Amino acid sequence: MPKPDMTRGKVRIAPSLHACRFERMGEEIEAVRRAGADWLHFDVMDGHFVPNISVGPLGVAAARRVSPGFVLDVHLMIAQPDCYLEEFVRSGADIVTVHVEAVHHIHRTIQAVRALGALAGVTLNPGTPLGSLDPVLGDADLVLVMSVNPGFGGQKFIPSALERVREARRMMDARGSKALLEVDGGVTAENAPALREAGADVLVAGTAVFGSPDYAAAIRKIRGE
């Protein structure tokens, strides 16, 4: 698979499959593709790092089979993610994002993801200081700011996360980082304009897309079209 286009200049919309109807996942993926989605976002949970369990490598592989042209953006909310990097990349992940709280050697994890042929993302929980990202801003391909506490879909956006997005953008620009800035959690058409203005390049939207009767209209509104 070719590498995802990570150039800045447009806002990408990444519907989170955690909010789709799993019994019709193939149809849901095709529906958001036709509706104009740019990426597919996978929330991987293990019941340890976060209090929920969701899809694993088999789910990513199933999505890859039915969506050969989509960027699969895999967010690992799991303990000991280093043990599973190869499985997720082999299953079809284009981008693998890990939490700084879940690994001991974040630089080594980023290098491992890249060595496997995927792009490497880093993220942190809302209560973790943004400064913990500073050492790796020059190495990561993606920086994800969580705007809810991870573990459950359908949560309300944490208002203070907007300033964290702005601060993350300032930090990245000061470092000369070429990484894309992603926001995940409670993204809606209502708060998307402020997030775009704050510097977000990728907006993850689960309920706001899959809970809408018109996926295409929802995606256009979140993108600001």
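The following exercises, each with a worked solution, concern a predicted model.

**Exercise 1. The sheet**

State the strand order of the open sheet and identify its edge strands.

Solution.
Step 1. The sheet is open, has eight strands and pairs them in parallel. Its order is β1-β8-β7-β6-β5-β4-β3-β2.
Step 2. The strands β1 and β2 each pair on one side only, which makes them the edge strands.
Step 3. From one strand to the next, the twist averages 25 degrees.
Step 4. For one pairing in detail, take β6 and β7 (residues 180-184): five bridges join them in the parallel sense. Within this pairing, L144 stands opposite E182 in β7.
Step 5. Helix α5 lies across β5, β6 and β7, and runs at about 165 degrees to β7.

**Exercise 2. Helix α1**

Determine which residues of α1 are buried and what they pack against.

Solution.
Step 1. The buried residues of α1 are M25, E28, I29, A31, V32 and A35.
Step 2. Viewed down the axis of α1, these residues fall within an arc of 160 degrees, so they line one face of the helix.
Step 3. The background is helical geometry: with 3.6 residues a turn, residues three or four places apart point the same way.
Step 4. The buried residues of α1 pack against β1, β2 (39-45), α2, α7 and α8.
Step 5. G36, just after α1, takes a positive phi of about 105 degrees.

**Exercise 3. Helix α8 and R223**

Describe the surroundings of α8 and find the side chain with which R223 makes a polar contact.

Solution.
Step 1. At the N-terminal end, α8 is capped by D214, a side-chain oxygen of which lies 3.2 Å from the backbone nitrogen of A216.
Step 2. Y215, A217, A218, I219, I222 and R223 are buried in α8. Their cover includes β1, α1 (25-35), α6 (192-198), β8 (202-205) and α7 (207-210).
Step 3. R223 belongs to helix α8 (residues 215-223). Its relative accessible area is 17%, and the limit for a buried residue is under 20%, so R223 counts as buried.
Step 4. Leaving aside residues up to four places away in sequence, R223 touches V11, I13, G36, D38 and R196. With D38, the side chain of R223 makes a polar contact of 2.6 Å.
Step 5. After α8 comes G224, with a positive phi near 90 degrees.

**Exercise 4. Salt bridges between distant parts of the chain**

For the pairs R64 and D94, D141 and R114, and D173 and R8, locate each partner and state whether it is buried or exposed, or partly exposed.

Solution.
Step 1. A search of the whole structure yields 18 salt bridges.
Step 2. R64 and D94 meet at 2.6 Å, N to O. R64 is in helix α2 (residues 57-66), whereas D94 is in the loop between α3 (85-91) and β4 (95-99), 30 residues apart. Both residues are buried.
Step 3. D141 and R114 form a salt bridge whose closest N and O atoms are 2.9 Å apart. D141 is in the loop between β5 (119-124) and β6 (142-146), and R114 is in helix α4 (residues 106-115), with these positions 27 residues apart in sequence. D141 is buried at 15% relative accessibility, while R114 is partly exposed at 39%.
Step 4. Shared partners also join E163, R166, E167, R170 and E197 into one network of salt bridges.
Step 5. The closest N and O atoms of D173 and R8 are 4.0 Å apart. D173 is in helix α5 (residues 161-175) and R8 is in the segment before β1 (12-15), 165 residues apart. Relative accessible areas of 46% for D173 and 44% for R8 place both between the limits of 20% and 50%, so each is partly exposed.

**Exercise 5. Two loop residues**

Locate Q80 and P51, and decide whether each is buried or exposed.

Solution.
Step 1. Q80 is in the loop between β3 (71-77) and α3. At 55% relative accessibility, Q80 is exposed.
Step 2. The phi of Q80 is near 50 degrees, which is a positive value in a residue other than glycine.
Step 3. P51 is in the loop between β2 and α2. With a relative accessible area of 56%, P51 is exposed.
Step 4. P51 and M77 are separated by 26 residues in sequence and by 9.9 Å in space, C-alpha to C-alpha.

Notes. Residues numbered from 1 in each chain as written. Predicted model: local features only at pLDDT ≥ 70, side-chain atom pairs only at ≥ 80, totals over all residues. Heavy atoms only, no water. Salt bridge = Lys/Arg side-chain N within 4 Å of Asp/Glu carboxyl O. Helix = DSSP H or I, 4+ residues; strand = E, 2+ residues; numbered from the N terminus. Buried < 20%, exposed > 50% of the residue type's maximum accessible area, 1.4 Å probe, protein only. Polar contact = N/O pair within 3.5 Å; in protein donor to acceptor, adjacent residues only side chain to side chain. Contact = heavy atoms within 4.5 Å. Arc of directions from axis to C-beta. Pairing = 2+ DSSP bridges. Axes fitted to C-alpha atoms, helices over the stretch in contact; angles between N-to-C directions.
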